[in-house]
Structures are given as C-alpha cells and as structure tokens.
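Student: Could you take me through one part of this model at close range, and then follow the thread to other places worth a look? I would enjoy one connected answer.

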Amino acid sequence: MVMSSRQSLVDMALLMGLWLVWGYSWVASKLGLEYASPLQMAEYRLTLALLTLGGLLLWRRGRFSLPPLWPTFWLGLTQTTGFTLLSTLALLNAGTGKVTILCYTMPFWTLLLARFCEPKRAQKAADLCSGCGIVALEWHDRGHRGPCMGLELQPEGSALLSAAVQEQDIGHIEPVCADLRAFRQGEGSFDVCACNPPYFTDGPQSQNAAHALARHENTCTLDDVCQCAFRLLKDGGRFALCHRPERLAEVLAVLRANRLEPKRLAFVKNKADGAPWLFLVEAQKNRKTGLRVEPDVLISAGAALYGR
C-alpha cells in the first residue's frame, strides 16, 4: 500500500511536470522564432525526439522491429506531419497566449457550445461564466465581429482573456470581471448569450478554490445564470448552455421558470448507440413553446460529427 501511494505521488508529479513543460513549450517556441525558422525548429524538435526515444529504446533493450508500412505511413502523414504543419502555422500566425489557452486549458465541449449557438456577424453577444474566454474567441475565429462580452467572476480567468485579446488586437471582445448575479450593464441589448455553467450541486470538491467555483454551484446556481441571461437578452434573444444529461429536466424547468423557452436540444455522444454524456440546449426570451430535438453530435477521433 505504501509503495502504491508513493508510485501515485510520483506519477502525479511527473504528470504535473509534463503539463508545465508542454504548456511553456509554446512560449519558448514563439521566442525561438527570433533565432530559427519554424521549419528549422520542427526539424530540431523531431530529430531530438527521435534520438531521445531511440536512446530510451536501446537502454531498455527494446526491439527496432518495423511496423506495418501502410498504416504507419498514413498515421505519420495525418498525425505527425499534420500536427507539425498546423503547429508551425500557429506559431507564425497566432499569439502565444491564445494558442496556449486553446491547446492546453480548453474543455472541448466549450467549442461545441460556441458552434451550437453562433451569433450573426454584427450581433451583440455575451459569454457568461466565460473562464478564459474560449466561447468568445471561437466566435471571433468563426467570423463574429459584433460587440462581445466575456463575463467572468474569477480574476485569473478574466486576465487570460484580456491578455489574449490584447495580444491579437481583438477590439470587439470586452473581458469583464464581475459577479453575474449582480450584473446589470447592457440589460435588454444582447442578441445571443451562452454559458458553460458549473455542473454540480453537491459531491466532492477540488481543494483548488478556482476549480471548485468553476465546477460546483457555490457562488453561481443554474437559476442565477438564467436570470442573468434573461436580463441581458433582447426580446426573442437566444440563450444556449451545455450541461449533464442527469440534470436535463431541471435545466428545462429552470429555463422556462425564467421565461426562456427551450427551442433546440442536441445530445453529445461518443458512439451512435451509446448514452449521451452532455447536452446542448438553446432557448429564446419570451417566446412560445416548441422544442426541436436535433440529431446527435458524435465525438469521433477527436472530431465533432454533427447531425449523425
């Protein structure tokens, strides 16, 4: 038991070290562009990886047997070569802060939410409980240029979004660090609001205060979120959120109690015949009943397949 506990601590320490090294590698790579081209850096990185992994294999007396040719070729082309190409383009064209946020801190279901309820190009939008602003940034990348507010309670998350928009010179996104329960600015003027809210009402909580606030309804309940969305939206404005299936009935009830009528519903699954692990719902302010259940969103090989 003692050995098991020690091994768990070692594994956790190694994992934390990997996170730090991997996250800061983007910062180092961006600075390295002053001394080498992106292709040279990719060459150095892959050569060093080859030598390191080859050395480890020799040290462990492993076999250098060749894998099947064609599966390895296509895997190398689509994964290794594709990742290297895309990361090179990211180094050239994206800011360090934004790339680091998108690659290493983003729960990908937030992207599903952003794509489920895209505002039109000039509409006024709000990302509630925005964290580091993934929804607002994804909307921007998909062409939104209207006023966009990222409303977040925790200063650390709001600061990350502020750094990203400043670095990218994105003028239409405004990070706002405030409590949505008391927020009143711009009431009745927003076309679209979205929220990835805290999911849990009870159960074990993280010792990290920021994580606990993000995951549990300690300072922000589902009703608080819906009340804020109702205040901010125009009549007929759209509000979307993602949540866990076991709270579906409660979510729909709270939306309707706040005069936000559910209009669209989609379930997110890993397999077509599997149970959903998330749902996406969009409601409209002061509208008549009429809910459309849309085709499932399937998560396959890291990609979201809509309408399957």
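Tutor: Let's start with helix α9, residues 222-232, in this predicted model. Of its 11 residues, 9 are buried, so the helix is largely enclosed by the rest of the structure. The buried set mixes several kinds of side chain: Leu-222, Asp-224, Val-225, Cys-226, Cys-228, Ala-229, Phe-230, Arg-231 and Leu-232.

Cys-228 gives us a thread to follow into the cysteines. What does a search of the whole structure find in the way of disulfides? The count is 0. Cys-193, for one, is in no disulfide, and the cysteine sulfur nearest to its own, 6.9 Å away, belongs to Cys-228 of that helix. Cys-193 counts as buried because its relative accessibility is 0%. Cys-195 is also buried, with a relative accessible area of 0%. Why is there no bond from Cys-195 to the closest cysteine sulfur? That sulfur sits in Cys-129 at 3.6 Å, which is too far for a bond, since a disulfide requires the two sulfur atoms to be within 2.5 Å.

Cys-129 deserves a glance at its backbone too. It lies in the loop between β1 (125-128) and α6 (134-141), and its phi is positive, about 50°, although the residue is not a glycine. Asp-169 likewise has a positive phi, near 55°, without being a glycine. Asp-169 is found in the loop between α7 and β3, and it counts as exposed because its relative accessibility is 70%.

The loop between α7 (155-168) and β3 (173-177) also holds His-172. Is His-172 buried or exposed? At 15% relative accessibility it counts as buried, because the cut-off for buried is under 20%. The His-172 side chain reaches the backbone oxygen of Gly-146 at 2.8 Å. Leaving aside residues up to four places away in sequence, His-172 touches His-140, His-144, Arg-145, Gly-146, Pro-147 and Cys-148.

One more loop residue rounds out the tour: Arg-247, between β5 (233-243) and α10 (248-257). Arg-247 counts as buried, given its relative accessibility of 8%. Its side chain makes a polar contact with the side chain of Glu-250, at 2.8 Å. Arg-247 and Tyr-199 are 48 residues apart in sequence, and their C-alpha atoms are 8.6 Å apart in space.

Methods: Residues are numbered from 1 along each chain as its sequence is written. This is a predicted model: local features need pLDDT of at least 70, side-chain atom pairs count only at pLDDT 80 or more; totals for chains, interfaces and linings use all residues. Side-chain values use heavy atoms; hydrogens and water are left out. Helices (H or I, at least four residues) and strands (E, at least two) are DSSP runs, numbered from the N terminus. Buried means under 20% relative accessible area, exposed over 50%, partly exposed in between (1.4 Å probe, protein chains only). A polar contact is a pair of N or O atoms within 3.5 Å; within protein, one must be able to donate a hydrogen and the other to accept it, and residues adjacent in sequence count only if both atoms are side-chain atoms. Contact means heavy atoms within 4.5 Å.
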